[in-house]
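Me: I should like to learn how the features of a structural model are read. Could we begin with a single residue and then proceed to the whole chain?

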Amino acid sequence: TRFAPSLDRLWVSERLAAAAARHPSPEPLLLAGYHEPSAVFRLGTRIELVHPRTAAAALIAHPGRIAAVDAAMMSELQTPVEEAGFKVVPLETIAGQNYAAGKTVQLTLLTIAKP
């Protein structure tokens, strides 16, 4: 059991599902940049797989909606959000290893608000 805590970094989709449950939204979670089958399995019909700019447009149209965005794509979401007069409000960060792709993953669960 000594190595078990480090295995937690492998279960990104499970931790994303748990974070989404802590921040419920009446609309499906927007998932940008992390389109792993395990996330689709864990979140089911409660997600929409989108491009970061599509997520930004949906958040602007429905303030209070929630998105999970890969760190590598955050600027693609943040720029149009700020141009529309909103700010990104991080709720949680989920960091770990995508063992299928062999790379580090950092997702930010977020919403937007007026500054």
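Me: Which residues does Gly33 touch, not counting residues up to four places away in sequence?

Reply: The model is predicted. Contact here means heavy atoms within 4.5 Å. On that basis, Gly33 touches Val50, Asp70 and Met73, with residues up to four places away in sequence left out. As for C-alpha positions, those of Gly33 and His51 are separated by 6.9 Å, while the two residues stand 18 residues apart along the chain.

Me: Where is Gly33 found, and how is its accessibility classed?

Reply: Gly33 sits in the loop between strand E1 (29-32) and helix H3 (37-43). Partly exposed lies between the limits of 20% and 50%; Gly33 has 28% relative accessibility and therefore counts as partly exposed.

Me: How do the elements of the protein run from the N terminus on?

Reply: The order is α-α-β-α-β-α-β-α-β-β, with five helices and five strands in the protein. Of the contacts with a separation of 6 or more, 59% are accounted for by residues 24 or more positions apart. Buried residues make up 38% of the 115 in the protein.

Me: How is empty space found, and what volume does the largest pocket have?

Reply: A probe the size of a water molecule, rolled over the atoms, shows where empty space is left. In this model, the largest pocket has a volume of about 210 Å³. Its lining comprises 14 residues, with Ala20, Pro24, Ser25, Glu27 and Arg46 nearest the centre. Ten of the lining residues are nonpolar, two polar and two charged. Helix H2 (residues 12-22) supplies the largest share of this lining, three residues.

Definitions and conventions: Residues numbered from 1 in each chain as written. Predicted model: local features only at pLDDT ≥ 70, side-chain atom pairs only at ≥ 80, totals over all residues. Heavy atoms only, no water. Helix = DSSP H or I, 4+ residues; strand = E, 2+ residues; numbered from the N terminus. Buried < 20%, exposed > 50% of the residue type's maximum accessible area, 1.4 Å probe, protein only. 1 Å grid on protein atoms, 1.4 Å probe; cavity = no way out; pocket = protein on both sides within 12 Å on 5 of 7 lines; lining within 4 Å. Points joined across faces, edges and corners; volume = space filled by probe spheres on them. Nonpolar A, V, L, I, M, F, W, Y, C, P; charged D, E, K, R; others polar.
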